Amino acid sequence: MKQKYLLWSLLGAMLLPDWANALNYGDALAQGLKNSPLAAELKKQRLEIYGSQMDETKLSNPELEYEYNIDGQEHEVTLSQPLRPSDITLARRSYRDILSELNNAESALDLLRLNHEISRAYYSLYVLQERKKYKQEHLNFLNKVSHIVHRSINHSNLSAAEIYAFDADILATKTDLDVLEKDLQDEQILFAQFLNVSDTKIVLKQPPMMSKIVSLSDVTKNLDKNPSKRKMLELQYKQAEEQVSILAQDRYAPIISPRVVYGYNRQEKEDDIKVGLALSIPLWNHQDGAYSAFKAQKKSAQLQLSSLDNVSFNEMVVRAYNKLSEQNAAVNKYIQVILPYYKKSVDKMEASFAAGRFSVFDVWQIREKYLNAQEMYLNALQKSLEAKIELEILIGTRLEDIQ
């Protein structure tokens, strides 16, 4: 039994060498999440923003000074700690909590964005691959019956106009295939770079179809737990509000530096301790530019939140969910009903044509409709992905991760 199974596997690999090594969606996603250069780039961009801001929430480093006189008889050590007003009021500690929450949310969104970009790249390559296959099947049919078509003019089965149209279809299909071949090669290279793999002749399996979408109630009940669009705007508003508050405290107030001075006189063998205070007066620089920028950021987040609430964020989620449901239903209808029905019609029409009951023009027409339905299916497939991405951006998580 094992030998028989092995024989069939080897036979399948010889007959379908590309599909024997075809990459499925799950493996592509895992490879991209692990090795894609985009993952490193997204992390770099996030840490460039939040890393430096987190550093600003910490106390300034203490300053240590050491002095001694020329004969080395007196030594003095000074330790000071610069303090901004926002350090004293602990406003920066509160701001640090907001930044930490924002950083975690953006980290989750980076993963979501990476998922989306890998999915887009996968679907784009798959659509080109399938479009080429459909066009090639159509061209094979046209070439197969070409001699019959040109012989038909002498028997009045086809008009000269129909034959001109037939020849134009052959030329147009060949032209489309030449363009598709080049586009497919370019897309394969881009996809290989995206996954960080060396194989540029990648063949993809059909992406998984969502037979049933998670319920709307499950989508909406966890909006506050995920970095949804509304929650991110709320956090960005809080961030800007805290930044404005911190600068309002610091921009006109001096930086206070309490200091402790320890001195030792070797000649007299005496030491002493002094305490003092240094002030950095904000006489020339009041950080006006930064203050204006943060106020503008706060206003922007406030207006975006207001705009979101005016149209009802929950309604936006519902509309996006319904849009995805419709697109998903369309894709499933094409896969389960429309394309199989057209295929049966084509097979029966060609069988009848072989038996002399239909003309080549009849078969040609139904094949044109079949090719058009295949194109509409591929368009619906890409629209369903974009509808899914639109909803997931709103709710801040993948549908597959909602329990």
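Rings of Phe, Tyr and Trp, the last taken by its six-membered ring, pair if their centres lie within 6.5 Å. The structure used in these exercises is a predicted model.

**Exercise 1. State which residues ring pairs link into a cluster with Y25, and classify the pair of Y122 and F191.**

Solution.

Step 1. The cluster joined by ring pairs consists of Y25, Y122, Y123 and F191. In the whole structure there are 7 aromatic pairs.

Step 2. A pair of aromatic rings is described by the distance of the centres and the angle of the planes. For Y122 and F191 the centres are 6.1 Å apart and the planes stand at 70°.

Step 3. Planes over 60 degrees apart count as edge-to-face. The pair of Y122 and F191 is therefore edge-to-face, with 70° between the planes.

Step 4. Y122 belongs to helix α6 (residues 91–152) and F191 to helix α7 (residues 160–195). The two residues are 69 residues apart, and their pair links distant parts of the chain.

Step 5. Buried means under 20% relative accessible area. Y122 has 0% and is buried; F191, at 2%, is buried too.

**Exercise 2. Classify the ring pair of F166 and W364, and decide whether each residue is buried or exposed.**

Solution.

Step 1. The ring centres of F166 and W364 are 5.2 Å apart, and the planes meet at 75°. The pair is therefore edge-to-face.

Step 2. F166 sits in helix α7, while W364 sits in helix α12 (residues 360–395). With these positions 198 residues apart in the numbering, the pair links distant parts of the chain.

Step 3. The relative accessible area of F166 is 1%, so F166 is buried. W364 has 8% and also counts as buried.

**Exercise 3. Find where the salt bridges of R92, R131 and K135 lead.**

Solution.

Step 1. A search of the whole structure gives 28 salt bridges. Three of them are followed here.

Step 2. R92 and D250 meet through their side chains at 2.9 Å, N to O. R92 is in helix α6 and D250 in helix α9 (residues 229–250), 158 residues apart. Both R92, at 10% relative accessible area, and D250, at 10%, are buried.

Step 3. The salt bridge of R131 and E375 has an N to O distance of 2.7 Å. R131 lies in helix α6 and E375 in helix α12, so this pair ties together parts 244 residues apart in sequence. R131 is buried at 17%, whereas E375 is partly exposed at 26%.

Step 4. K135 forms a salt bridge with D176, and the closest N and O atoms are 3.0 Å apart. K135 is in helix α6 and D176 in helix α7, so parts 41 residues apart in sequence are tied together. K135 is buried at 16%, and D176 is partly exposed at 32%.

Step 5. Salt bridges with shared partners join E56, R84, D87, R92 and D250 into one network.

**Exercise 4. Locate the patch of negative charge on the surface and name the strand that gives the most to it.**

Solution.

Step 1. The residues that gather in the patch are D71, E74, E268, E270, D271 and D272.

Step 2. Strand β4 (residues 270–280) gives the most, with 3 residues.

Step 3. E268 is placed in the loop between β3 (255–265) and β4.

**Exercise 5. Explain what stands out in the phi values of N196 and S312, and place both residues.**

Solution.

Step 1. Most residues other than glycine have a negative phi.

Step 2. N196 is a residue other than glycine, yet its phi is positive, near 65°. S312 is not a glycine either, and its phi is positive at about 70°.

Step 3. N196 is in the loop between α7 and α8 (216–221). S312 is in the loop between α10 (288–310) and α11 (313–354).

Step 4. The relative accessibility of S312 is 22%, so S312 counts as partly exposed.

Key:
Residues are numbered from 1 along each chain as its sequence is written. This is a predicted model: local features need pLDDT of at least 70, side-chain atom pairs count only at pLDDT 80 or more; totals for chains, interfaces and linings use all residues. Side-chain values use heavy atoms; hydrogens and water are left out. Patches are made of residues with over 30% relative accessible area and no salt bridge: like charges are joined within 9 Å, nonpolar side chains (Val, Leu, Ile, Met, Phe, Trp, Tyr) within 5 Å. Accessible areas come from the Shrake-Rupley method with a 1.4 Å probe; for residues, only the protein chains shown count as cover. A salt bridge is a side-chain nitrogen of Lys or Arg within 4 Å of a carboxyl oxygen of Asp or Glu. Lys and Arg count as positive and Asp and Glu as negative; His and the chain ends are not counted. The place of a charge is taken as NZ of Lys, CZ of Arg, CG of Asp or CD of Glu. Helices (H or I, at least four residues) and strands (E, at least two) are DSSP runs, numbered from the N terminus. Rings of Phe, Tyr and Trp (its six-membered ring) pair if their centres lie within 6.5 Å; planes under 30 degrees apart count as stacked, over 60 as edge-to-face and the rest as tilted. Buried means under 20% relative accessible area, exposed over 50%, partly exposed in between (1.4 Å probe, protein chains only).
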